[in-house]
Amino acid sequence: MNRLDGSVVSSQSGVFYPYQHQDFYAMDSLFLSPLKEEEIWDFQSISQVQLGFLGFLTLRGFIREDLELPKLQVRGLSKQWRSFLAKENFLGKQVPWETLDFIPNLVGDTPSPESGFGKKGHWANEFHYEKKEGNSTSLFFIATKKQSETDVAISDLMKDFLLYSQTNHYLERAYIRKENSSYFYLNAKETNPRVFYRENTSEFPSFLFLVAELKNKTVILPN
């Protein structure tokens, strides 16, 4: 089936079963696999909350929304996931997917911080989510529905992100993806930071995606 941008989408429905791991490349292969007309994502094998999965899932939701496909549905959420989504009021942030499990609506909202990167008028949709836990911070950033003729490079996003994050954080690892290429940044303790580049063939419309894990710097207050 041809969609708005000429890409081909299978007319079949599909059920996807991601499993718990830390590999961004594996998440990429699954969450950026060919689209089905209707999709259910079963999270029963992902018991612990991980922002990488949440980011890739939300990215796929935005891509489907841009192609005017039905919202993807999520089921099999563990108690930890349901508690997290309710506490963060995540589904109230106008995310482009819905859950088949009951998520209580809690009073109040936990606002996401305003992104210090992006916002240059290249994209109609930009979504930034950040979560601090202990001495670590995880975040993801999504931009879709390109509205500029300018070629938006991954390096530009990485530069903006590093300027945004370096004041209060040490970057441990980051995965940056656009529709046809990706960078994986790994800050190994024993060596200099390493960056891996890979070209990816895709029929998806243009997008930018960043998922990152950081360590918080210790703030020393003046006497």
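## Strand pairing from S7 to S9

Two strands are taken to pair here if DSSP finds at least two bridges between them. In this predicted model, strand S8 and strand S9 (residues 194-199) pair in the antiparallel sense over 6 bridges, and leucine 186 stands opposite arginine 194 in S9.

Strand S8 (residues 181-186) also pairs with strand S7 (residues 169-178), again in the antiparallel sense and over 6 bridges. A hairpin of 2 residues joins S7 to S8, and lysine 178 stands opposite serine 181 in S8.

## The nonpolar cores

The largest nonpolar core holds 40 residues, of which Phe43, Leu54, Leu85, Phe90, Trp97 and Phe140 touch the most other members. Two or more residues of this core come from each of helix H1 (24-31), helix H2 (51-66), strand S3 (72-75), helix H3 (79-87), strand S5 (123-133), strand S6 (136-146) and strand S10 (207-216). Helix H2 gives the largest share of this core, with 8 residues. Apart from this core lies another one, of 17 residues, which includes Val152, Phe161, Ala174 and Leu210.

The surroundings of tryptophan 97 can be listed in full: when residues up to four places away in sequence are not counted, tryptophan 97 touches Leu54, Leu57, Thr58, Lys71, Leu72, Val74, Leu85, Phe90 and Leu91. Among these contacts, Leu54, Leu85 and Phe90 are also named, together with Trp97 itself, as residues that touch the most other members of the largest core.

## Salt bridges between separate parts of the chain

The model has a count of 6 salt bridges. In one of them glutamate 39 pairs with arginine 60, the closest N and O atoms being 2.7 Å apart. Because glutamate 39 lies in strand S2 (residues 36-42) and arginine 60 in helix H2, this pair ties together parts that are 21 residues apart in sequence. Glutamate 39 has a relative accessibility of 3% and arginine 60 one of 0%, so both count as buried, for which the limit is under 20%. Glu39 and Arg60 are further linked with Arg64 in a network of salt bridges.

Another salt bridge is formed by lysine 131 and glutamate 88, with the closest N and O atoms 2.7 Å apart. This pair links distant parts of the chain, with lysine 131 in strand S5 and glutamate 88 in the loop between H3 and strand S4 (97-99), 43 residues apart. Glutamate 88, at 5% relative accessibility, counts as buried.

## The link between S7 and S10

The side chains of arginine 173 and glutamate 213 also meet in a salt bridge, at 2.9 Å from N to O. Since arginine 173 lies in strand S7 and glutamate 213 in strand S10, the pair ties together parts that are 40 residues apart in sequence. The two partners fall into separate accessibility classes: arginine 173, with a relative accessible area of 12%, is buried, whereas glutamate 213, at 21%, counts as partly exposed, because buried means under 20%.

## A nonpolar patch on the surface

On the surface, Tyr183, Val195 and Tyr197 form a nonpolar patch, and together these residues have about 290 Å² of accessible area. Tyrosine 197 is placed in strand S9, which is the strand that pairs with S8 in the antiparallel sense. With a relative accessible area of 47%, tyrosine 197 is partly exposed, because residues over 50% are the ones that count as exposed.

Definitions and conventions
Residues numbered from 1 in each chain as written. Predicted model: local features only at pLDDT ≥ 70, side-chain atom pairs only at ≥ 80, totals over all residues. Heavy atoms only, no water. Helix = DSSP H or I, 4+ residues; strand = E, 2+ residues; numbered from the N terminus. Core = buried A, V, L, I, M, F, W, Y, C linked by side-chain atoms within 4.5 Å. Buried < 20%, exposed > 50% of the residue type's maximum accessible area, 1.4 Å probe, protein only. Contact = heavy atoms within 4.5 Å. Salt bridge = Lys/Arg side-chain N within 4 Å of Asp/Glu carboxyl O. Patch = residues over 30% accessible without salt bridge, like charges linked within 9 Å, V, L, I, M, F, W, Y side chains within 5 Å. Areas by Shrake-Rupley, 256 points an atom, 1.4 Å probe, with all protein chains shown as cover.
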